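Student: I have this model open on my screen and would like a close look at one part of it. Could you take me through a helix packing, and then show me what surrounds that part?

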Amino acid sequence: MFLVFPGFLFSAVMGLLVGWVDRKVTARLQWRVGPPWYQNFIDVVKLILYKETLVPEGVSKAMFLGMPVLCAASATLVSTIICVVNSTPAVGFMGDLIVVVYLLIIPPLALMLGGFSSENPLASLGASREMKLVLSYELPFIMALIVPVIKSGYAIKLGDIILRQAETGSIIASPSGVISFIVMLLCFQAKLGFVPFDMAEAETEIMAGAYIEYSGKALGIFKLAKAILTFAAPVILITLYFGGIKLNSEGFMSSLLEYIMILVLMIVIKNTNPRVRIDQAMGFFWGPVSGLAVIAILLAILGK
Amino acid sequence: MGFREKILTKSIYAFHVSSGSCNNCDIEILDCLTPRFDLERFGIILAGSVKHADVLFCTGSANRLCVPRIKKLYEMMPKPGFVVAWGACGSSRGLFKDSYNTTVPLDEVIPVDLYIPGCPPKPEAVIGGMVKLIEKINQTRK
(Lines give C-alpha, C1' and ligand atoms only; values in the text may rest on other atoms or scores of the structure.)
Protein backbone atom coordinates (compact mmCIF):
# COMPACT_ATOMS: atom_id res chain seq x y z
CA MET A 1 0.00 0.00 0.00
CA PHE A 2 2.83 2.40 0.84
CA LEU A 3 4.37 1.78 -2.59
CA VAL A 4 1.52 3.54 -4.36
CA PHE A 5 0.38 6.13 -1.82
CA PRO A 6 2.31 7.97 -0.52
CA GLY A 7 5.32 6.04 -1.72
CA PHE A 8 7.35 6.05 -4.88
CA LEU A 9 4.58 6.28 -7.48
CA PHE A 10 2.71 9.13 -5.80
CA SER A 11 5.92 11.06 -5.07
CA ALA A 12 7.20 10.61 -8.61
CA VAL A 13 3.94 11.71 -10.25
CA MET A 14 3.59 14.71 -7.95
CA GLY A 15 7.25 15.57 -8.39
CA LEU A 16 7.01 15.57 -12.16
CA LEU A 17 3.86 17.72 -12.01
CA VAL A 18 5.65 20.15 -9.69
CA GLY A 19 8.55 20.15 -12.15
CA TRP A 20 6.08 21.19 -14.85
CA VAL A 21 4.83 24.05 -12.64
CA ASP A 22 8.47 25.11 -12.34
CA ARG A 23 9.02 25.08 -16.10
CA LYS A 24 5.68 26.73 -16.88
CA VAL A 25 6.07 29.56 -14.36
CA THR A 26 9.64 30.09 -15.58
CA ALA A 27 8.35 30.30 -19.15
CA ARG A 28 5.59 32.73 -18.22
CA LEU A 29 8.06 34.94 -16.34
CA GLN A 30 10.21 35.02 -19.48
CA TRP A 31 7.14 35.85 -21.58
CA ARG A 32 7.13 32.44 -23.27
CA VAL A 33 4.39 29.83 -23.57
CA GLY A 34 6.16 26.91 -21.95
CA PRO A 35 5.78 23.15 -22.31
CA PRO A 36 2.56 21.13 -21.88
CA TRP A 37 1.80 19.53 -18.49
CA TYR A 38 3.03 16.07 -19.50
CA GLN A 39 6.44 17.29 -20.68
CA ASN A 40 8.42 16.05 -17.65
CA PHE A 41 6.75 12.62 -17.82
CA ILE A 42 7.82 12.31 -21.45
CA ASP A 43 11.37 13.41 -20.66
CA VAL A 44 11.78 10.83 -17.90
CA VAL A 45 10.09 8.01 -19.81
CA LYS A 46 12.32 8.71 -22.80
CA LEU A 47 15.46 8.56 -20.69
CA ILE A 48 14.45 5.44 -18.79
CA LEU A 49 12.92 3.38 -21.59
CA TYR A 50 14.50 4.37 -24.87
CA LYS A 51 17.89 5.96 -24.41
CA GLU A 52 21.20 4.17 -24.24
CA THR A 53 22.99 4.23 -20.86
CA LEU A 54 26.66 4.94 -21.39
CA VAL A 55 29.29 4.21 -18.75
CA PRO A 56 32.65 5.95 -19.24
CA GLU A 57 35.69 3.74 -19.71
CA GLY A 58 37.59 2.77 -16.56
CA VAL A 59 34.86 3.86 -14.16
CA SER A 60 33.57 1.84 -11.22
CA LYS A 61 30.24 0.63 -12.54
CA ALA A 62 28.69 -0.09 -9.15
CA MET A 63 29.53 3.39 -7.89
CA PHE A 64 28.56 5.20 -11.10
CA LEU A 65 25.22 3.46 -11.58
CA GLY A 66 24.43 2.88 -7.89
CA MET A 67 24.46 6.52 -6.88
CA PRO A 68 21.33 7.57 -8.84
CA VAL A 69 19.42 4.71 -7.21
CA LEU A 70 20.62 5.74 -3.74
CA CYS A 71 19.66 9.33 -4.49
CA ALA A 72 16.17 8.38 -5.64
CA ALA A 73 15.68 5.96 -2.74
CA SER A 74 16.47 8.51 -0.05
CA ALA A 75 14.42 11.21 -1.78
CA THR A 76 11.46 8.81 -1.93
CA LEU A 77 11.91 7.95 1.74
CA VAL A 78 11.85 11.63 2.74
CA SER A 79 8.71 12.20 0.69
CA THR A 80 7.03 9.09 2.09
CA ILE A 81 7.79 9.90 5.74
CA ILE A 82 6.60 13.46 5.37
CA CYS A 83 3.38 12.47 3.56
CA VAL A 84 2.51 9.68 6.02
CA VAL A 85 3.08 12.00 8.97
CA ASN A 86 0.87 14.63 7.38
CA SER A 87 -2.02 12.27 6.72
CA THR A 88 -1.92 10.64 10.20
CA PRO A 89 0.22 12.64 12.67
CA ALA A 90 0.16 9.86 15.31
CA VAL A 91 1.98 7.36 13.06
CA GLY A 92 5.52 8.78 13.26
CA PHE A 93 8.31 7.51 15.50
CA MET A 94 10.56 9.25 18.02
CA GLY A 95 13.12 11.43 16.24
CA ASP A 96 11.74 11.16 12.71
CA LEU A 97 12.62 14.84 12.22
CA ILE A 98 16.29 13.90 12.64
CA VAL A 99 15.89 11.00 10.21
CA VAL A 100 14.45 13.42 7.64
CA VAL A 101 17.44 15.75 8.15
CA TYR A 102 19.87 12.90 7.56
CA LEU A 103 17.95 11.60 4.54
CA LEU A 104 18.00 15.07 3.01
CA ILE A 105 21.83 15.02 3.04
CA ILE A 106 22.03 11.74 1.11
CA PRO A 107 20.95 13.06 -2.36
CA PRO A 108 23.74 15.68 -2.51
CA LEU A 109 26.19 13.06 -1.21
CA ALA A 110 25.11 10.61 -3.90
CA LEU A 111 25.43 13.32 -6.53
CA MET A 112 28.94 14.14 -5.31
CA LEU A 113 30.10 10.53 -5.31
CA GLY A 114 28.55 9.97 -8.74
CA GLY A 115 30.25 13.06 -10.07
CA PHE A 116 33.66 12.17 -8.63
CA SER A 117 33.40 8.56 -9.81
CA SER A 118 32.70 9.61 -13.42
CA GLU A 119 36.32 10.80 -13.82
CA ASN A 120 35.35 13.90 -15.74
CA PRO A 121 37.13 17.11 -14.72
CA LEU A 122 33.98 19.19 -15.08
CA ALA A 123 32.00 16.65 -13.05
CA SER A 124 34.67 16.79 -10.32
CA LEU A 125 34.43 20.56 -10.32
CA GLY A 126 30.65 20.37 -10.02
CA ALA A 127 30.88 17.80 -7.23
CA SER A 128 33.40 19.88 -5.29
CA ARG A 129 31.14 22.92 -5.63
CA GLU A 130 28.22 20.83 -4.40
CA MET A 131 30.31 19.77 -1.39
CA LYS A 132 31.10 23.37 -0.48
CA LEU A 133 27.45 24.28 -0.93
CA VAL A 134 26.36 21.46 1.41
CA LEU A 135 28.89 22.62 4.00
CA SER A 136 27.59 26.16 3.77
CA TYR A 137 23.83 25.58 3.94
CA GLU A 138 23.72 22.78 6.51
CA LEU A 139 24.68 25.10 9.40
CA PRO A 140 21.82 27.63 9.03
CA PHE A 141 19.47 24.80 7.98
CA ILE A 142 19.91 22.93 11.25
CA MET A 143 19.85 26.12 13.30
CA ALA A 144 16.59 27.17 11.64
CA LEU A 145 15.20 23.68 12.27
CA ILE A 146 15.73 24.14 16.02
CA VAL A 147 13.11 26.93 16.11
CA PRO A 148 10.04 24.75 15.38
CA VAL A 149 11.46 22.20 17.83
CA ILE A 150 11.69 24.79 20.61
CA LYS A 151 8.31 26.31 19.75
CA SER A 152 6.56 22.94 19.99
CA GLY A 153 7.93 22.15 23.43
CA TYR A 154 11.19 20.41 22.38
CA ALA A 155 9.42 17.78 20.28
CA ILE A 156 11.61 15.97 17.74
CA LYS A 157 8.69 14.03 16.34
CA LEU A 158 7.05 15.51 13.24
CA GLY A 159 3.60 14.37 14.39
CA ASP A 160 4.03 16.20 17.72
CA ILE A 161 5.05 19.39 15.89
CA ILE A 162 1.89 19.18 13.76
CA LEU A 163 -0.39 18.42 16.74
CA ARG A 164 1.15 21.17 18.85
CA GLN A 165 0.56 23.68 16.05
CA ALA A 166 -3.07 22.57 15.83
CA GLU A 167 -3.42 23.56 19.52
CA THR A 168 -1.42 26.78 19.74
CA GLY A 169 -1.47 28.13 16.17
CA SER A 170 1.06 27.96 13.37
CA ILE A 171 4.73 28.65 14.10
CA ILE A 172 4.86 31.10 11.17
CA ALA A 173 2.59 33.45 13.18
CA SER A 174 5.43 34.32 15.60
CA PRO A 175 8.45 36.59 14.86
CA SER A 176 10.97 33.78 15.41
CA GLY A 177 8.88 31.57 13.11
CA VAL A 178 8.97 34.14 10.28
CA ILE A 179 12.76 34.58 10.55
CA SER A 180 13.47 30.87 10.66
CA PHE A 181 11.06 30.28 7.74
CA ILE A 182 13.01 32.75 5.60
CA VAL A 183 16.29 31.01 6.52
CA MET A 184 14.77 27.61 5.77
CA LEU A 185 13.44 28.80 2.39
CA LEU A 186 16.91 29.99 1.36
CA CYS A 187 18.47 26.70 2.50
CA PHE A 188 15.95 24.70 0.47
CA GLN A 189 16.70 26.89 -2.52
CA ALA A 190 20.31 25.72 -2.21
CA LYS A 191 19.37 22.12 -1.39
CA LEU A 192 17.30 21.84 -4.58
CA GLY A 193 20.05 23.45 -6.65
CA PHE A 194 17.85 26.34 -7.78
CA VAL A 195 19.34 29.63 -8.94
CA PRO A 196 20.97 31.67 -7.24
CA PHE A 197 22.67 28.58 -5.74
CA ASP A 198 22.91 26.35 -8.82
CA MET A 199 26.69 26.63 -9.21
CA ALA A 200 27.01 22.85 -8.84
CA GLU A 201 25.36 22.30 -12.23
CA ALA A 202 25.96 25.73 -13.73
CA GLU A 203 25.12 25.08 -17.37
CA THR A 204 26.95 28.07 -18.77
CA GLU A 205 30.19 27.41 -16.87
CA ILE A 206 30.67 23.70 -16.30
CA MET A 207 28.01 22.35 -18.69
CA ALA A 208 25.98 20.05 -16.44
CA GLY A 209 28.30 19.73 -13.44
CA ALA A 210 28.20 16.37 -11.73
CA TYR A 211 25.55 15.09 -14.16
CA ILE A 212 27.80 15.52 -17.18
CA GLU A 213 28.67 11.83 -17.77
CA TYR A 214 25.22 10.50 -16.91
CA SER A 215 22.92 9.35 -19.68
CA GLY A 216 19.86 7.21 -20.22
CA LYS A 217 18.44 5.39 -17.21
CA ALA A 218 20.93 6.78 -14.68
CA LEU A 219 20.14 10.37 -15.69
CA GLY A 220 16.42 9.61 -15.70
CA ILE A 221 16.59 8.31 -12.13
CA PHE A 222 18.55 11.38 -11.04
CA LYS A 223 15.89 13.60 -12.62
CA LEU A 224 13.18 11.64 -10.84
CA ALA A 225 15.01 12.02 -7.52
CA LYS A 226 15.31 15.75 -8.00
CA ALA A 227 11.63 15.99 -8.92
CA ILE A 228 10.65 14.08 -5.76
CA LEU A 229 12.79 16.39 -3.62
CA THR A 230 11.24 19.44 -5.28
CA PHE A 231 7.82 18.04 -4.39
CA ALA A 232 8.81 17.23 -0.80
CA ALA A 233 10.50 20.55 0.05
CA PRO A 234 7.37 22.74 0.33
CA VAL A 235 5.59 19.90 2.18
CA ILE A 236 8.38 19.89 4.79
CA LEU A 237 8.10 23.67 5.13
CA ILE A 238 4.30 23.45 5.55
CA THR A 239 4.71 20.68 8.15
CA LEU A 240 7.18 22.68 10.20
CA TYR A 241 5.69 26.16 9.93
CA PHE A 242 2.05 26.03 8.77
CA GLY A 243 0.75 23.18 10.91
CA GLY A 244 0.91 20.46 8.29
CA ILE A 245 -1.26 19.68 5.28
CA LYS A 246 -4.87 19.36 6.41
CA LEU A 247 -6.81 16.70 4.58
CA ASN A 248 -10.33 17.66 5.69
CA SER A 249 -12.53 19.52 3.22
CA GLU A 250 -12.10 23.09 4.53
CA GLY A 251 -8.41 22.80 5.43
CA PHE A 252 -7.27 21.20 2.19
CA MET A 253 -7.82 24.23 -0.03
CA SER A 254 -5.84 26.50 2.30
CA SER A 255 -3.05 23.90 2.51
CA LEU A 256 -2.99 23.69 -1.28
CA LEU A 257 -2.81 27.47 -1.46
CA GLU A 258 0.10 27.50 1.01
CA TYR A 259 1.86 24.81 -1.02
CA ILE A 260 1.47 26.67 -4.30
CA MET A 261 2.53 29.96 -2.74
CA ILE A 262 5.74 28.49 -1.30
CA LEU A 263 6.50 26.71 -4.59
CA VAL A 264 5.90 29.79 -6.72
CA LEU A 265 7.92 31.92 -4.30
CA MET A 266 10.87 29.55 -4.78
CA ILE A 267 10.46 29.65 -8.56
CA VAL A 268 10.24 33.44 -8.60
CA ILE A 269 13.42 33.69 -6.49
CA LYS A 270 15.00 31.28 -8.96
CA ASN A 271 14.04 33.38 -11.96
CA THR A 272 14.83 36.84 -10.68
CA ASN A 273 18.34 36.27 -9.36
CA PRO A 274 21.70 35.76 -11.02
CA ARG A 275 23.93 32.86 -10.02
CA VAL A 276 26.33 33.74 -7.19
CA ARG A 277 29.90 32.48 -6.94
CA ILE A 278 30.62 29.64 -4.53
CA ASP A 279 32.58 31.89 -2.14
CA GLN A 280 29.72 34.40 -2.17
CA ALA A 281 27.28 31.61 -1.33
CA MET A 282 29.44 30.41 1.57
CA GLY A 283 29.80 33.95 2.89
CA PHE A 284 26.06 34.48 2.54
CA PHE A 285 25.09 31.31 4.39
CA TRP A 286 27.71 31.48 7.12
CA GLY A 287 27.29 35.23 7.60
CA PRO A 288 23.88 36.91 7.36
CA VAL A 289 21.77 33.76 7.10
CA SER A 290 23.38 32.06 10.11
CA GLY A 291 23.08 35.34 12.00
CA LEU A 292 19.35 35.42 11.25
CA ALA A 293 19.05 31.82 12.42
CA VAL A 294 20.78 32.65 15.73
CA ILE A 295 18.40 35.60 16.24
CA ALA A 296 15.46 33.29 15.52
CA ILE A 297 16.69 30.75 18.09
CA LEU A 298 17.15 33.47 20.75
CA LEU A 299 13.66 34.83 20.05
CA ALA A 300 12.23 31.32 20.26
CA ILE A 301 13.92 30.69 23.63
CA LEU A 302 12.49 33.99 24.88
CA GLY A 303 9.08 32.74 23.77
CA LYS A 304 8.51 35.25 21.00
CA MET B 1 3.21 6.27 -35.00
CA GLY B 2 3.72 4.14 -31.93
CA PHE B 3 4.33 4.98 -28.29
CA ARG B 4 8.11 4.98 -28.72
CA GLU B 5 8.04 7.50 -31.55
CA LYS B 6 5.57 9.69 -29.69
CA ILE B 7 7.93 9.83 -26.71
CA LEU B 8 11.04 10.39 -28.83
CA THR B 9 9.50 13.19 -30.88
CA LYS B 10 7.97 15.07 -27.95
CA SER B 11 11.18 15.40 -25.97
CA ILE B 12 14.15 16.50 -28.07
CA TYR B 13 17.25 17.61 -26.19
CA ALA B 14 19.60 19.39 -28.53
CA PHE B 15 23.36 19.68 -28.18
CA HIS B 16 25.10 22.47 -29.97
CA VAL B 17 28.30 21.60 -31.89
CA SER B 18 30.04 24.59 -33.38
CA SER B 19 32.73 23.48 -35.82
CA GLY B 20 34.24 26.70 -37.07
CA SER B 21 31.08 28.65 -37.73
CA CYS B 22 30.89 32.44 -37.90
CA ASN B 23 28.46 32.51 -34.93
CA ASN B 24 25.42 33.56 -36.91
CA CYS B 25 23.92 30.08 -36.84
CA ASP B 26 24.74 29.81 -33.15
CA ILE B 27 22.82 32.99 -32.45
CA GLU B 28 19.90 31.67 -34.51
CA ILE B 29 19.80 28.55 -32.27
CA LEU B 30 19.30 30.83 -29.29
CA ASP B 31 16.72 32.86 -31.23
CA CYS B 32 14.56 29.77 -31.53
CA LEU B 33 14.40 29.47 -27.73
CA THR B 34 13.40 33.09 -27.10
CA PRO B 35 9.79 34.24 -26.44
CA ARG B 36 8.79 34.80 -30.05
CA PHE B 37 9.42 31.24 -31.26
CA ASP B 38 9.85 29.28 -27.99
CA LEU B 39 10.80 25.79 -29.09
CA GLU B 40 10.30 24.57 -25.49
CA ARG B 41 6.58 24.43 -26.34
CA PHE B 42 7.45 21.28 -28.29
CA GLY B 43 9.87 19.95 -25.69
CA ILE B 44 13.00 21.06 -27.54
CA ILE B 45 15.63 22.49 -25.21
CA LEU B 46 19.39 22.82 -25.22
CA ALA B 47 21.31 20.20 -23.23
CA GLY B 48 24.50 21.09 -21.40
CA SER B 49 26.23 17.76 -21.97
CA VAL B 50 26.30 15.66 -25.12
CA LYS B 51 25.37 12.60 -23.03
CA HIS B 52 21.97 14.14 -22.34
CA ALA B 53 21.32 14.96 -25.99
CA ASP B 54 19.05 13.45 -28.64
CA VAL B 55 20.00 15.72 -31.51
CA LEU B 56 23.30 17.33 -32.51
CA PHE B 57 22.94 20.79 -34.01
CA CYS B 58 26.10 21.03 -36.14
CA THR B 59 26.92 24.55 -37.24
CA GLY B 60 29.98 25.56 -39.25
CA SER B 61 31.95 24.08 -42.06
CA ALA B 62 33.56 21.13 -40.22
CA ASN B 63 37.15 22.19 -40.65
CA ARG B 64 40.10 19.82 -40.33
CA LEU B 65 40.70 20.45 -36.65
CA CYS B 66 37.07 19.84 -35.81
CA VAL B 67 36.50 16.62 -37.74
CA PRO B 68 37.91 14.20 -35.10
CA ARG B 69 36.04 16.06 -32.38
CA ILE B 70 32.75 15.88 -34.27
CA LYS B 71 33.24 12.14 -34.73
CA LYS B 72 33.95 11.75 -31.01
CA LEU B 73 30.88 13.77 -30.05
CA TYR B 74 28.71 11.68 -32.36
CA GLU B 75 30.01 8.51 -30.72
CA MET B 76 29.41 9.94 -27.25
CA MET B 77 25.77 10.78 -27.96
CA PRO B 78 23.45 8.08 -26.56
CA LYS B 79 21.48 6.39 -29.33
CA PRO B 80 18.87 6.81 -30.78
CA GLY B 81 20.38 10.14 -31.74
CA PHE B 82 20.04 12.36 -34.78
CA VAL B 83 22.20 14.94 -36.51
CA VAL B 84 21.05 18.23 -37.99
CA ALA B 85 23.40 20.04 -40.40
CA TRP B 86 22.73 23.67 -39.75
CA GLY B 87 23.10 26.49 -42.28
CA ALA B 88 24.89 26.68 -45.60
CA CYS B 89 28.27 25.72 -44.13
CA GLY B 90 26.99 22.70 -42.25
CA SER B 91 25.01 21.47 -45.25
CA SER B 92 27.57 21.95 -48.02
CA ARG B 93 30.57 23.90 -46.69
CA GLY B 94 29.06 27.08 -48.18
CA LEU B 95 31.64 29.58 -49.41
CA PHE B 96 34.47 27.56 -47.87
CA LYS B 97 33.96 24.80 -50.47
CA ASP B 98 37.41 25.28 -52.03
CA SER B 99 39.26 26.10 -48.83
CA TYR B 100 42.39 24.12 -47.93
CA ASN B 101 41.01 23.83 -44.43
CA THR B 102 37.65 22.17 -45.13
CA THR B 103 38.40 19.10 -47.18
CA VAL B 104 35.25 17.09 -46.48
CA PRO B 105 31.66 18.21 -45.93
CA LEU B 106 29.95 17.32 -42.67
CA ASP B 107 27.80 14.55 -44.13
CA GLU B 108 30.89 12.58 -45.11
CA VAL B 109 32.11 12.68 -41.50
CA ILE B 110 28.96 11.59 -39.65
CA PRO B 111 25.51 10.51 -40.91
CA VAL B 112 23.33 13.61 -41.25
CA ASP B 113 19.55 13.24 -40.89
CA LEU B 114 18.42 16.72 -41.76
CA TYR B 115 19.75 19.78 -43.58
CA ILE B 116 18.49 23.25 -42.69
CA PRO B 117 19.77 25.62 -45.41
CA GLY B 118 20.19 29.35 -45.07
CA CYS B 119 22.96 31.72 -44.06
CA PRO B 120 21.89 31.79 -41.29
CA PRO B 121 18.57 29.85 -41.38
CA LYS B 122 15.61 31.88 -40.15
CA PRO B 123 13.81 30.55 -37.05
CA GLU B 124 10.82 29.77 -39.28
CA ALA B 125 13.09 27.56 -41.38
CA VAL B 126 14.32 25.89 -38.20
CA ILE B 127 10.80 25.13 -37.03
CA GLY B 128 10.00 23.75 -40.51
CA GLY B 129 13.14 21.64 -40.23
CA MET B 130 12.10 20.34 -36.81
CA VAL B 131 8.78 19.20 -38.27
CA LYS B 132 10.72 17.23 -40.91
CA LEU B 133 13.00 15.79 -38.21
CA ILE B 134 9.93 14.59 -36.31
CA GLU B 135 8.68 12.90 -39.50
CA LYS B 136 12.08 11.29 -39.87
CA ILE B 137 12.04 9.99 -36.28
CA ASN B 138 8.57 8.58 -36.92
CA GLN B 139 9.99 6.56 -39.81
CA THR B 140 12.51 4.85 -37.51
CA ARG B 141 9.74 2.66 -36.12
CA LYS B 142 10.87 -0.92 -35.78
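**A helix pair and its surroundings**

Tutor: Happy to. Let's begin with two helices of chain A: α3, residues 61-87, packs against α9, residues 216-241, at an angle of about 25°, and their axes lie 8 Å apart. Please keep in mind that this is a predicted model. Those two values are a good place to start, because two packed helices are described by the angle between their axes and the distance between the axes. Angles under 35 degrees count as roughly parallel, so α3(A) and α9(A) are roughly parallel to each other. The handedness of the crossing of α3(A) and α9(A) is left-handed. As for what fills this contact, its residues divide into 21 nonpolar and four polar, with no charged residue among them.

Now let's step back to the chain that holds the pair. Chain A has eleven helices and zero strands, so to speak a run of α after α from the N terminus on. What does the overall size say? A compact globule of 304 residues would have a radius of gyration near 19 Å, and chain A agrees because its own value is 19 Å. The C-alpha trace of chain A spans about 60 × 45 × 45 Å along its principal axes. Of the 304 residues in chain A, 49% count as buried. Contacts that link distant parts of the sequence also show up here: among the contacts in chain A with a separation of 6 or more, 79% are between residues 24 or more positions apart.

Helix α9 also leads us on to the neighbouring chain. In total, 26 residues of chain A are in contact with 17 residues of chain B. On the side of chain A that touches chain B, α2 (39-50) and α9 each supply at least two residues. The largest share of that side comes from α2(A), with six residues. By type, the residues on this side of chain A divide into 14 nonpolar, five polar and seven charged. Set this beside the α3(A) and α9(A) contact, where no charged residues were counted.

Since we have reached chain B, a few spots in its backbone deserve a look. Most residues other than glycine have a negative phi, and most peptide bonds are trans. Two proline sites in chain B have cis bonds instead. The bond that joins Lys79(B) and Pro80(B) is cis, with omega about 5°, and Pro80(B) sits in the loop between α3 (67-76) and β4 (82-86) of chain B. The bond from Cys119(B) to Pro120(B) is cis too, with omega near -5°, and Pro120(B) belongs to the loop between β5 (114-116) and α5 (123-138) of chain B.

Two further residues of chain B have a positive phi without being glycine. For Asp38(B), phi is near 45°, and its place is the loop between α2 (24-33) and β2 (44-46) of chain B. Asp38(B) counts as partly exposed because it has 19 C-beta neighbours inside 10 Å. For Ala62(B), phi is near 55°, and this residue lies in the loop between β3 (55-59) and α3 of chain B. Ala62(B) has 30 C-beta neighbours inside 10 Å and therefore counts as buried.

Notes:
Residues numbered from 1 in each chain as written. Chains lettered and ligands numbered in written order. Predicted model: local features only at pLDDT ≥ 70, side-chain atom pairs only at ≥ 80, totals over all residues. Helix = DSSP H or I, 4+ residues; strand = E, 2+ residues; numbered from the N terminus. Rg over C-alpha atoms; globule rule 2.2 N^0.38 Å. Buried ≥ 20, exposed ≤ 12 C-beta atoms within 10 Å, placed from the backbone. Contact = placed C-beta atoms within 7 Å. Axes fitted to C-alpha atoms, helices over the stretch in contact; angles between N-to-C directions. Parallel < 35°, antiparallel > 145°, perpendicular 65-115°, else oblique. Left-handed = near helix turned anticlockwise from the far one by under 90°. Nonpolar A, V, L, I, M, F, W, Y, C, P; charged D, E, K, R; others polar.
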